[in-house]
Structure formats: structure tokens, C-alpha cells
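Colleague: Could we go through this model together, term by term, asking each time what a word rests on?

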Amino acid sequence: MANALDLLATLLDDGTYRSWDTAPAGPRPDAAYSADLERARTATGLDESVITGEGTLRGHRVAVAAGEFGFLGGSIGVAAGERVTRAAERALASRLPFIVAPASGGTRMQEGTVAFVQMVKITAAVTALKNAGLPYLVYLRHPTTGGVFASWASLGHVTLAEPGALIGFLGPRVYEALEGTPFPSGVQTAENLAALGRLDAVVPADALPAYLDRVLTALSPGPETGGAGGTAAAAAGPSREAAPTADAWESVLRTRQPGRPGAAELIGAAATDVAPLRHEGGLLLALARIGGRPCVIAGQDRGPAGVNGPSLTAGALRQARRGMRLAGEFGVPFVSVIDTPGAELSRGAEEDGIAGEIAQCIAAMITLRVPTVSVLLGQGTGGGALALLPADRVIAAGHAWLAPLAPEGASAIVYKDTAHAAELAGRQRIGAPDLAAAGLVDQVVSETGALSADVAAVLRSALAVLAAEDDDARQAARLRRYRDLGL
């Protein structure tokens with residue numbers, strides 16, 4: 001594990017680091033604690049367990065705070081807590097992204113409860129920074145445990161970890177001392193947490209600048225242009241355009257064909273500076289720029305097989321809701337891509353709260369204050385599709401469809417067989433042209449050309465229009481749309 005200074009040397013552009021630190025001040029140490037502090041200073045060459053400052057990361061000006069585990073186990077006392085808090089406050093005042101790289105065993109026991117409550121102080125400062133729409137990026141190092149992990153180290157917009165890092169609430173040594181048995185191996189590791197979806201990625205220190213550069217570039221304000229293939233004039237408002245009527249059952253079959261473009265292909269055609277976050281349970285989440293505008297994208301992905309794709313899990317929907325929260329915190333548009341055979345139907349899904357996750361996604365979508373666009377790209381089955389539907393603009397591919405159940409399921413309910421699926425697809429008016437006629441879709445994109453490129457052009461145009469609208473008026477119009485639907 002690199003020490004704090006080495007990490008900052010790796011992270012920041014050469015010669016750009018400037019310390020913000022002043023002499024630490026905290027509780028008056030007794031003789032034993034004074035000796036501990038002196039030994040730590042001699043061993044590390046640092047005056048505290050955290051160092052803070054600013055520099056540039058591939059040209060991006062950033063604030064930084066790095067923990068030093070060699071200094072009393074990276075523990076946080078009053079002086080260290082004040083140092084991190086002041087750094088967060090200064091980053092906020094200077095409108096800088098804040099990158100933190102803790103390596104800590106938690107609270108400094110020599111200072112007792114007053115040190116413990118420093119986690120509240122730091123959390124308050126970090127929350128204020130996040131509420132101002134500034135990126136808060138966390139790199140968990142070996143080890144990160146205790147109150148640090150249970151407070152400001154777990155609040156990142158993006159959370160990464162170094163390979164092999166021990167990360168957990170209770171340190172294994174403390175657990176064994178309290179419980180009399182070793183903590184199960186392999187649980188508190190960066191790799192396990194990433195596999196469980198608790199982290200965005202495990203990244204070696206030498207790859208960290210490139211990863212964070214993608215994130216910061218995706219979020220940087222840019223020219224307000226329509227981007228290649230789209231202008232604001234091309235989408236002056238919700239046109240409710242419909243393509244020539246297609247047979248609904250034919251559309252269902254086409255959306256299930258292997259090789260049909262999915263969310264990944266659309267993102268490739270529409271976006272630049274893509275910074276992937278997580279790909280979990282049938283949903284990919286990314287920061288990106290579309291038409292020069294920072295966005296958060298949540299896409300239901302068909303996967304490499306390109307047939308039906310995986311059903312959406314409760315975890316995937318939690319990630320979608322995280323994407324909505326990120327968009328709201330950063331004040332950037334949220335784009336959803338719908339192409340799913342539906343939400344997962346299983347005992348595990350029920351026990352994981354799949355229905356509640358769908359409900360929470362719908363509630364978040366309908367109340368977001370940022371511009372929102374939903375792209376109905378292929379299959380739109382059940383609650384899994386509805387969770388990401390209610391946006392300011394809804395764009396549909398020509399053969400996309402939306403239904404309460406797959407037609408076979410609807411047939412099973414109505415006729416007690418699946419033989420009437422094609423008939424019910426037509427009767428339920430699930431195809432994109434009928435959805436446009438009903439006011440559910442604003443624009444249907446013909447599938448006569450390159451689907452991903454054509455949808456991407458319409459998406460860029462829609463975002464250009466929405467960006468110019470007043471937030472309150474746009475949100476009120478979205479609520480009216482769904483309030484009056486079908487009347």
C-alpha cells in the first residue's frame with residue numbers, strides 16, 4: 001500500500017500539489033499519547049493521519065484528502081477531523097471536486113468520544129458539498145474500517161477501492177477479540193464488495209488518474225450544443241410523432257431477435273466521455289456527455305447474447321435509483337434506456353423487495369427536477385419497464401413496445417393459454433405507433449436506417465430543448481402529463 005504522499009504523487013499532475021494543512025490542534029495529550037504522536041510523526045514524516053490540499057488531475061483542478069495508515073493506524077481524532085472538514089468546506093467555497101482516499105482503522109481511541117463524533121462533523125461538511133452539486137469521489141485503501149467507513153468514506157458519488165483492500169465496519173482483529181472467533185475470510189475485501197455491488201470498481205493506484213479523469217470529464221460543464229446529428233430546432237417540443245403503423249406482434253418478435261442494438265450500442269452512438277459505474281442485474285449505469293451535456297444514463301441492457309437480456313433484479317433497480325439521485329445532486333439530465341423482458345420473478349426477488357424498488361423508481365422519476373428522457377428501445381415488459389418510463393420526453397424505436405405483461409403472459413391470464421399472444425398484442429395497442437397516439441410516446445424513430453445513430457440524434461435534440469426550459473415549469477408539465485393520461 002502506498003503512503004499518503006506517494007498516492008497523491010500518483011494521482012495528481014507533477015508539481016501541482018499544494019498543501020492546505022496548518023499545525024494540528026486538538027485535545028491536550030497526556031504523556032503516553034504525546035509519545036505515541038511523536039513516534040508517528042517520526043515514522044511517517046507527517047504531522048497527522050490525514051493530509052489535505054489541492055492540485056490538478058489531468059488538468060482538472062481538485063481538492064484532495066489522503067489518509068496515512070502509518071500514523072496511528074490512520075485514526076481520526078479532533079485534529080484530523082478538523083482537517084478533513086476544513087478541506088471539504090474549502091472545496092465547496094472554491095467549487096472544486098473533492099477526492100478522498102482514506103486508510104484508517106477508525107476513531108482515535110486515545111481521544112475517546114470527542115474523536116468518535118468527528119465523523120458527524122466531517123459528514124456534515126461532505127453533505128453540504130454534495131448538496132451543492134460538486135463531485136465527491138472516494139478511493140478506499142487498505143484498510144478502511146470502523147467509523148470512517150461508516151460515515152464519510154461511504155458517501156461517495158463514485159466509490160472505488162484498491163485491490164486487496166480490507167474494507168469493513170468492524171476490523172477483524174476487534175471482532176476476534178470481542179467474539180472469540182476469527183471473522184469469516186473473504187468477506188471484507190474490495191473484490192467481494194465490488195462483486196456485491198457495494199463499490200463501483202476495484203482500481204489499482206496507477207490506473208486511478210485515468211478512471212477519475214473519465215468521471216470528471218463526463219461531469220465537467222461543456223458547450224451547450226446539440227452535438228453531431230441533432231440541434232435544438234430539430235425537437236422544438238413533444239411532437240407526438242408516430243411512424244407508419246406496424247403489426248404489434250411483429251414488433252414483439254423483432255425486439256427479441258439476436259443482434260438487435262441495445263443500450264450499450266445506443267450509448268456508444270449517443271455519448272462521449274463515458275465513465276461506467278456499475279453493471280448489475282441487467283442494468284448498466286454510467287456518467288457521460290450527450291451533445292456536450294453531462295448526463296447520468298441508466299440502461300436496461302440486452303447483454304452480449306442480444307436476445308431477451310436478463311430480467312431486472314431489485315439490485316438493478318436500486319442502481320437505477322442511485323442514478324436518479326446522482327442526476328439530481330449534480331443537476332444534470334437523467335436518461336433511461338428501456339429494453340427488458342421484465343422484472344425478475346422469483347422468491348429471491350420477492351424477498352429482496354422487487355415491488356417496492358419499482359415503486360421507488362417511479363416515484364423518483366416523476367419528481368426529479370432535472371431534465372429526463374426515456375428511450376423505449378425494444379421490449380418494455382411490466383414493472384421493470386414502467387420503473388424507468390415517466391420522463392419529460394419519451395422516445396421510442398419503431399418496433400419498441402410497452403405492455404403490463406409479455407403478450408404470452410396476457411394470453412395466459414385472459415385465455416388460459418399462450419396461443420392468443422399475437423391477437424392480444426394488437427388488441428392491447430402495445431406497439432410504438434399506438435403508444436404515440438395515446439400520448440405515451442413523444443416521437444417514434446423509424447427503423448429503416450441505423451437504429452442506434454437515429455435514436456441518438458433524436459435524444460441529443462430532446463436534451464437540447466429540455467435544457468432551455470424552466471425547472472418548475474418542466475416538472476409541472478411532467479406531472480400534468482401523467483395526471484391526465486387516458487382522459
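Modeller: Let us begin with a single pair of residues: Ala-65 has Val-100 in strand 4 as its bridge partner. Please keep in mind throughout that this is a predicted model.

Colleague: How do you know that strand 3 and strand 4 pair, and in which sense do they run?

Modeller: Two strands count as paired if there are at least two bridges between them, and strand 3 and strand 4 (residues 98-101) are joined by four bridges, in the parallel sense. The two strands therefore satisfy the definition of a pair.

Colleague: What makes strand 3, helix 3 and strand 4 a unit, and of which hand is it?

Modeller: Strand 3, helix 3 (residues 78-94) and strand 4 make a β-α-β unit, and this unit is right-handed. The word right-handed is used because, with the strands pointing away from the viewer, the path from the first strand over the helix to the second runs clockwise.

Colleague: What is the sense of the pairing between strand 2 and strand 3, and how many bridges support it?

Modeller: Strand 2 (residues 50-57) and strand 3 run antiparallel and are joined by eight bridges, so they too meet the requirement of at least two. Among the residues involved, Thr-56 has Arg-61 in strand 3 as its bridge partner. The two strands form a hairpin with two residues between them, and in that turn Arg-58 has a positive phi of about 50°.

Colleague: Why is strand 3 called mostly covered?

Modeller: A residue is called buried when its relative accessible area is under 20%, and in strand 3 (residues 60-67) seven of the eight residues are buried. That is why the strand is described as mostly covered.

Colleague: Why is Arg-95 placed in the class between buried and exposed?

Modeller: Its relative accessibility is 49%, and since buried means under 20% and exposed means over 50%, Arg-95 counts as partly exposed. This residue lies in the loop between helix 3 and strand 4, and it has a positive phi of about 60° although it is not a glycine.

Colleague: How do you know in which class Arg-429 belongs?

Modeller: By the same cut-offs of 20% and 50%, Arg-429 is partly exposed, because its relative accessible area is 48%. Arg-429 sits in the loop between helix 17 (421-427) and helix 18 (432-437), and although it is not a glycine, its phi is positive, at about 55°.

Colleague: What kind of peptide bond joins His-142 and Pro-143, and where is Pro-143 found?

Modeller: The bond between His-142 and Pro-143 is cis, with an omega of about -15°, and Pro-143 is in the loop between strand 5 (136-140) and strand 6 (144-145).

Colleague: What lines the largest pocket?

Modeller: The largest pocket, with a volume of about 670 Å³, is lined by 24 residues, and those nearest its centre are Gly-105, Gly-106, Met-109, Thr-145 and Val-174. The lining divides into 10 nonpolar, 12 polar and two charged residues, where glycine counts as polar. Helix 7 gives the largest share, three residues.

Colleague: Which element gives the most to the lining of the second largest pocket?

Modeller: Helix 12 does, with eight residues. This pocket has a volume of about 520 Å³, and Gly-197, Arg-198, Arg-278, Arg-322 and Arg-325 are the closest to its centre. Its lining comprises eight nonpolar, seven polar and nine charged residues.

Conventions: Residues are numbered from 1 along each chain as its sequence is written. This is a predicted model: local features need pLDDT of at least 70, side-chain atom pairs count only at pLDDT 80 or more; totals for chains, interfaces and linings use all residues. Side-chain values use heavy atoms; hydrogens and water are left out. On a 1 Å grid over the protein atoms alone, a cavity is a set of points where a 1.4 Å probe fits but cannot get out, and a pocket is an open set with protein on both sides within 12 Å along at least five of seven lines; lining residues have an atom within 4 Å of a point. Grid points are joined across faces, edges and corners, and a volume is the space filled by probe spheres set on the points. Buried means under 20% relative accessible area, exposed over 50%, partly exposed in between (1.4 Å probe, protein chains only).
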